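Colleague: Please take a close look at one part of this model for me. I would like the strand at the heart of my question placed in its surroundings.

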Amino acid sequence: KPGTYMLTTRITIDKSDINITGSGRSSIITTASTSFPLIFVDTKNYINISNLYIVGPDSGVYSGIRLANCIYCSINHCEIEKCGVGITIAGASSLTNRITQCFLHHNVGNAGISSMGPTTIISACRVEDNVKTGILVNNHKQIIVNNTVLRNDSANAAFSSGITVDAADDCQIVGNICLENDKYEIVIKNL
């Protein structure tokens with residue numbers, strides 16, 4: 001439903017097979033707090049989050065959306081800004097999650113998108129003007145395809161890039177546009 005939703009605590013999705021669908025920029029989820037991710041999902045399957053506009057407090061280390069140890073979940077058509085990390089996929093048990101057609105910008109943590117779970121598919125996203133790396137992956141079999149990754153900055157980080165693949169093997173990086181990122185366009189390290 002359209003409107004602005006000011007959170008004082010996180011939204012926790014505690015059941016599998018759930019769809020959360022907003023109305024794009026007219027469905028705003030925001031907070032002044034820096035102590036929690038705005039939407040949190042742990043050990044659930046088949047969650048679909050779409051068409052939300054998430055605005056963080058412009059500081060902190062927490063995510064706009066955080067999936068931990070989830071399977072077959074999707075985040076699509078969401079815009080996320082001013083969070084620590086826009087979207088985080090965490091946990092070794094996370095499998096086959098998808099992030100598609102999202103716009104992540106002006107996030108102030110270590111990445112616009114951070115995937116530490118295996119087999120995440122990140123496709124057709126715009127990842128721009130984040131403080132550090134645009135897309136950061138730290139697990140195997142990631143698919144990063146047809147994204148536009150622009151002007152992500154180093155914030156004095158030892159490394160930063162449009163896309164960073166760190167200690168992750170068997171990844172596919174195809175058809176991405178990476179331009180004007182501060183240090184590197186694509187970094188592959190610690191294989």
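Partly exposed is the class between buried, under 20% relative accessible area, and exposed, over 50%. Which strand has 6 of its 6 residues buried, and what surrounds that strand?

Modeller: The model is predicted. The strand is β11, and 6 of its 6 residues are buried. β11 spans residues 85-90.

Start with the sheet. It is open, has 8 strands and pairs them in parallel. The order is β2-β5-β8-β11-β14-β17-β20-β23. β11 therefore has β8 on one side and β14 on the other. The edges belong to β2 (11-13) and β23 (184-189). Each edge strand has a single partner, so one side of each lacks a neighbour in the sheet. From one strand to the next, the twist averages 10°.

Now the pairing. β8 and β11 are joined by 5 bridges and run parallel. In that pair, Ile65 is bridged to Ile87 of β11. On the other flank, β11 and β14 share 3 bridges, again parallel. There, Ile89 has Ser115 of β14 as its bridge partner. The sheet carries on from β14 (residues 111-115) to β17 through 4 bridges. Ala111 is bridged to Thr133 of β17.

Next, the packing. Ile87 of β11 touches Ile65, Ile75, Ile80, Ile99, Cys102, Leu104, Gly112, Ile113 and Ser114, leaving aside neighbours within four places in sequence. Ile87 also belongs to the largest nonpolar core, which has 36 residues. Ile49, Ile54, Ile65, Ile87 and Ile135 touch the most other members of that core. Strands giving two or more residues to the core include β8 (63-68), β11 and β17 (133-137). β5 (39-42), β6 (47-50) and β20 (161-166) do so too. In soluble globular proteins, nonpolar side chains tend to be buried together.

Last, the aromatic rings. The count of aromatic pairs is 1. Tyr46 and Tyr72 are stacked, because their ring centres lie 5.4 Å apart and their planes meet at 15°. The two lie 26 residues apart in the chain. Tyr46 is in the loop between β5 and β6, and Tyr72 is in the loop between β8 and β9 (74-76). Tyr46 is partly exposed, at 47% relative accessibility. Tyr72 has 44%, so Tyr72 also counts as partly exposed. Two other rings have a charge over them. Arg10 places its charged end over Phe40, 4.1 Å from the ring centre. Arg25 does this with Tyr53, at 4.3 Å.

Technical notes. Residues numbered from 1 in each chain as written. Predicted model: local features only at pLDDT ≥ 70, side-chain atom pairs only at ≥ 80, totals over all residues. Heavy atoms only, no water. Core = buried A, V, L, I, M, F, W, Y, C linked by side-chain atoms within 4.5 Å. Buried < 20%, exposed > 50% of the residue type's maximum accessible area, 1.4 Å probe, protein only. Contact = heavy atoms within 4.5 Å. Phe/Tyr/Trp six-rings, centres within 6.5 Å; stacked < 30°, edge-to-face > 60°. Lys NZ or Arg CZ within 6 Å of the ring centre and 35° of its normal. Pairing = 2+ DSSP bridges. Axes fitted to C-alpha atoms, helices over the stretch in contact; angles between N-to-C directions.
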